[in-house]
Amino acid sequence: MRKNGKETIREKKVSRRTLLKGAALGAAAAALPAADAKASVWEAFFQKHFQEMNARDLEKILSRLEQEYAGKYGKEIKVTAKEPLPGVLFGYGLDISRCIGCRRCVYACVEENNQSREPQIHWITVLRFKKGDKWVNDLENADKYYNPDKVPEPGHFYMPTQCQQCENPPCVKACPTKATWSEDDGIVVVDYNWCIGCRYCMAACPYGARHFNWTKPGLPVEDINTETHYLGNRPRYTGVVEKCTFCIQRTRNEPGQYPACVEICPVGARKFGNLLDPESEIRYCIENKRIFRLKEDLNTHPKFFYFFAT
């Protein structure tokens, strides 16, 4: 409108969450048929927080996402939202004395969890150290990009890192929209439809375990894992953060499966199981090995345990 011959603009308060989420939804709508796009965008825009949804809400959202992915990728992608199993608290163990630095775990994770191929996003990073180095205090300067003809290399050892699934996760506290939280089975999850891409969680994570999609994830259609979980390996959007979820789409199955990285390890360096089960392998490792956790002084209480078995 005009006042005293000058045009004035009525200011509207638009939150960062509204602005960024709206942009992401607009991009997602481009993949849908024109007749369905408008309705789908508005449904996504007014979507409840995952923890506030009832069964009917969740069913509609999963159906909408499956339609969205079918339109975008031209193939059927199943999206589930299996709840935590009762009496289960997941824990992870890694035997540093066995790890040979082959990185098979890295690429098994990429395939299972629909990570971007170009640009590359890896939820697991394998660090290389020289034997005798004071490596515990220098994780940030470890060699991540080694490329020898053969592994393991004489005079070196390797330590894979990934999300530590903390009991006291600083990333959760940092998130302004509550798009990330810890589930009852101990898995710290991310809702990609609520993430606004502020990256506060990345800054808060002391383990460098969270990764940001700066551009459209490069996920070839023929490589897509079609069995996905809403809080895990479903295809991501530009401008959201992602991380390891202990292969939630596998480990919440009955009678339960191992994460892809555990299954692929050729030397059995990776252990996984229920911390509440006294007969589980992970409990045996904790009770019988000399274990340690990364950056214990920060009181994040990771559920990821390292040890030397040999």
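**A colleague's note on the predicted model**

1. Let me start in the sheet: F90 has N274 of strand 12 standing opposite it. Please keep in mind as you read that this is a predicted model. F90 belongs to strand 4, which spans residues 90–95 and is joined to strand 12 by five bridges, the two running antiparallel. A little further along, Y92 has F272 as its bridge partner in strand 12.

2. On its other partner, strand 4 is joined to strand 14 by four bridges, and here the two strands run parallel. One place to look is D95, which stands opposite F307 in strand 14. Taken as a whole, the sheet is open and mixed, with four strands in the order 12-4-14-13. Strand 12 and strand 13 (291–292) are at the edges; each has a single partner strand, so one side of each lacks a neighbour in the sheet.

3. How much of strand 4 is buried? Six of its six residues are. Both faces are covered: F90, Y92 and L94 are buried on one side, and G91, G93 and D95 are buried on the other. If you would like to see what lies across this strand, turn to helix 9 (residues 281–288), which also lies across strand 12, strand 13 and strand 14 (304–307). Helix 9 runs at about 110° to strand 12.

4. Now for the aromatic residues. The structure holds 14 aromatic pairs. F50 and Y230 make a stacked pair, because their ring centres are 5.2 Å apart and their planes meet at 15°, under the 30 degrees that counts as stacked. F50 sits in the loop between helix 2 (34–45) and helix 3 (55–73), and Y230 in the loop between strand 10 (227–229) and strand 11 (241–242), so this pair ties together parts that are 180 residues apart in sequence. Both partners count as buried: F50 has 14% relative accessibility, and Y230 has a relative accessible area of 0%.

5. A second pair makes a nice contrast in sequence spacing. Y69 and Y73 are four residues apart in helix 3, which puts about one helical turn between them. An α-helix has 3.6 residues a turn, so residues three or four places apart point the same way. The rings of Y69 and Y73 have centres 6.4 Å apart and planes at 45°, so the pair is tilted. Y69 and Y73 are both buried.

6. Some rings join up beyond simple pairs. Ring pairs link F90, Y92, F246, F272, F292, F304, Y306 and F308 into a cluster. You have already met F90 and Y92 among the buried residues of strand 4, and F272 as the bridge partner of Y92.

7. Two arginines are worth a look as well. Where is the charged end of R103? It sits over the ring of Y146, 3.8 Å from the ring centre. R234 lies over the face of Y230, at 4.1 Å from the centre of that ring; Y230 is also the ring that stacks with F50.

8. Next comes helix 4, residues 104–112. Its buried residues are C105, V106, A108, C109, V110 and E112. What covers them? The elements include strand 5 (125–130), helix 7 (248–251), helix 8 (260–264) and strand 12 (270–274). Strand 12 thus appears here as part of the cover and in the sheet as a partner of strand 4. After helix 4 comes N114, whose phi is positive, near 55°.

9. Do look at N113 too, in the loop between helix 4 and strand 5. Is N113 buried or exposed? With a relative accessible area of 1%, N113 is buried. The N113 side chain makes a polar contact with the side chain of Q249, at 3.1 Å. Leaving aside residues up to four places away in sequence, N113 touches W123, N233, R236, C247 and Q249.

10. Finally, the chain overall. It has nine helices and 14 strands, and buried residues make up 50% of its 310 residues. Of the contacts between residues at least 6 apart in sequence, 68% join residues at least 24 apart. The pair of F50 and Y230 gives you a concrete example of a link between parts far along the sequence, 180 residues apart.

Definitions and conventions. Residues are numbered from 1 along each chain as its sequence is written. This is a predicted model: local features need pLDDT of at least 70, side-chain atom pairs count only at pLDDT 80 or more; totals for chains, interfaces and linings use all residues. Side-chain values use heavy atoms; hydrogens and water are left out. Rings of Phe, Tyr and Trp (its six-membered ring) pair if their centres lie within 6.5 Å; planes under 30 degrees apart count as stacked, over 60 as edge-to-face and the rest as tilted. Buried means under 20% relative accessible area, exposed over 50%, partly exposed in between (1.4 Å probe, protein chains only). A charge sits over a ring if NZ of Lys or CZ of Arg is within 6 Å of the ring centre and within 35 degrees of the ring normal. Contact means heavy atoms within 4.5 Å. Two strands pair if DSSP finds at least two bridges between them. Axes are lines fitted to C-alpha atoms, for helices over the stretch in contact, and angles run from 0 to 180 degrees between N-to-C directions. A polar contact is a pair of N or O atoms within 3.5 Å; within protein, one must be able to donate a hydrogen and the other to accept it, and residues adjacent in sequence count only if both atoms are side-chain atoms.
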